[in-house]
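Please open the model in your viewer and keep the sequence panel beside it. The tour below goes from one selection to the next and says what to look for at each stop.

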Amino acid sequence: MRRRKPHAAAPLPVPFSPEAARIHRVGLGLTPEQVAEGMAAHGVRLLAGHVLAWERGELRPGEAEFIALARALWCSAADLMDGRPTRLRDHRIARELPPETVAERVGMLLPTYQQAELTGRWEGDAEQTYALAVVLGLRLTELVEATGRAEALDRLLRQCVAGRWQPHLRALTRLVPVAEQELAAVLLVLAQEHHVPAHWGMPSGPRTPAVPLTPRFWELLAAQPTAVPV
């Protein structure tokens with residue numbers, strides 16, 4: 001009996017805003033036919049009916065169509081998104097970059113990078129993660145969110161304040177591509193804030209954080225001269 005090959009995961013839809021597309025078109029005084037003509041100049045040929053169907057929410061543009069539409073409307077791809085980009089693929093599309101370009105610039109094989117977009121799991125090392133932030137113009141907070149590492153960061157920070165933070169420093173640089181000395185300065189403060197000295201016969205140790213660790217981590221890191229902004 002012949003075994004069926006597993007179906008490849010379908011790409012997630014582009015976070016397209018029909019209202020934003022209509023507002024931009026009307027603001028420019030363009031007809032759907034003129035928008036279609038403008039998209040043809042960028043290599044995407046379709047009927048004016050497609051433009052109207054997108055604006056009505058009846059259809060959604062694919063990635064190439066989405067970028068061509070933004071260029072025909074003289075706006076950025078991010079301007080046509082329904083909310084701010086959060087996923088890795090959305091950030092790439094907002095920068096109007098093909099996956100081949102991003103994979104090459106971060107030093108990663110294309111299939112590996114595409115898998116990261118599909119699964120939301122980033123397995124790059126510290127150098128590749130830093131390159132990703134630069135290529136996509138991400139802040140550190142956006143980078144951690146887009147690479148699906150928010151929970152891992154929170155868990156690692158709790159381990160840092162629960163005991164000695166020094167053994168976790170290298171692992172933290174994989175999640176947040178910042179120089180070790182900058183992270184060390186932040187972790188030292190976090191550890192001091194979440195430990196109390198022994199007195200009156202009471203044992204010392206970590207106390208329950210008064211505030212969530214991750215927001216405080218970002219607050220402290222923002223005061224450091226990081227190459228990538230927080």
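Begin by selecting Ala 133, which lies in helix H8, and bear in mind throughout that this is a predicted model. Ala 133 has a relative accessible area of 3% and is therefore buried, the cut-off being under 20%. If you display its surroundings and leave aside neighbours within four places in sequence, you will find Ala 133 in contact with Leu 138, Leu 143 and Val 228. Now add Pro 177 to the selection: although Ala 133 and Pro 177 are 44 residues apart along the chain, their C-alpha atoms are separated by 8.7 Å.

Before the next stop, zoom out to the whole chain, in which there are 13 helices and two strands. Of its 230 residues, 41% count as buried. Among contacts between residues at least 6 apart in sequence, 61% join residues at least 24 apart.

**The largest nonpolar core**

Next, select Val 176, Phe 217 and Leu 221, which are the residues with the most contacts inside the largest nonpolar core, a set of 42 residues. At least two residues of this core are supplied by each of helices H6 (99-106), H7 (110-119), H8 (126-136), H9 (140-146), H10 (150-162), H11 (169-175), H12 (180-193) and H13 (213-221). The largest share, six residues, comes from H12. As background to this stop, nonpolar side chains tend to be buried together in soluble globular proteins.

Stay with Leu 221 and show what surrounds it, again without the neighbours within four places in sequence: Leu 221 is in contact with Leu 140, Val 176, Val 178, Glu 182, Leu 183, Val 186, Thr 226 and Val 230. A second, separate core has 24 residues, and to find it you can select Val 44, Ile 67, Leu 69 and Ile 93, which are included in it.

**H12 against H13**

Now colour H12 and H13, whose axes come within 10 Å and cross at roughly 130 degrees. The two helices are therefore oblique to each other, and H12 passes H13 in a right-handed crossing. Which residues in H12 and H13 meet? On the H12 side, select Glu 182, Leu 183, Val 186, Val 189, Leu 190 and Glu 193, and on the H13 side Leu 213, Arg 216, Phe 217, Leu 220 and Leu 221. Divided by class, the residues of this contact are eight nonpolar, no polar and three charged.

**H6 against H7**

Move to H6 and H7, where the axes come within 9 Å and cross at roughly 110 degrees, so that these helices are roughly perpendicular to each other. Their crossing is right-handed. The contact is made by Pro 99, Glu 100, Val 102 and Ala 103 of H6 together with Leu 110, Tyr 113 and Gln 114 of H7, and its residues divide into five nonpolar, one polar and one charged.

While H7 is on screen, select Glu 117, which has its place in this helix. Is Glu 117 buried or exposed? With a relative accessible area of 13%, Glu 117 is buried. Not counting residues up to four places away in sequence, Glu 117 touches Leu 88, Arg 89 and Arg 92.

**H2 against H4**

Then select helix H2 (residues 32-40) and helix H4 (residues 63-72), whose axes come within 8 Å and cross at roughly 115 degrees. That angle makes H2 roughly perpendicular to H4, and H2 passes H4 in a right-handed crossing. The contact is made by Val 35, Gly 38 and Met 39 of H2 and by Glu 65, Ala 68, Leu 69 and Ala 72 of H4. By class, this contact has five nonpolar, one polar and one charged residues.

**Two loop residues**

For the last stop, look at two backbone positions. Most residues other than glycine have a negative phi. Trp 74, although not a glycine, has a positive phi of about 55 degrees, and its place is in the loop between H4 and helix H5 (88-94). Trp 74 counts as exposed, because its relative accessibility is 74% and the cut-off is over 50%. Finally, select Glu 96 in the loop between H5 and H6; Glu 96 has a positive phi of about 60 degrees and is not a glycine.

Note on methods: Residues numbered from 1 in each chain as written. Predicted model: local features only at pLDDT ≥ 70, side-chain atom pairs only at ≥ 80, totals over all residues. Heavy atoms only, no water. Axes fitted to C-alpha atoms, helices over the stretch in contact; angles between N-to-C directions. Helix = DSSP H or I, 4+ residues; strand = E, 2+ residues; numbered from the N terminus. Parallel < 35°, antiparallel > 145°, perpendicular 65-115°, else oblique. Left-handed = near helix turned anticlockwise from the far one by under 90°. Contact = heavy atoms within 4.5 Å. Nonpolar A, V, L, I, M, F, W, Y, C, P; charged D, E, K, R; others polar. Core = buried A, V, L, I, M, F, W, Y, C linked by side-chain atoms within 4.5 Å. Buried < 20%, exposed > 50% of the residue type's maximum accessible area, 1.4 Å probe, protein only.
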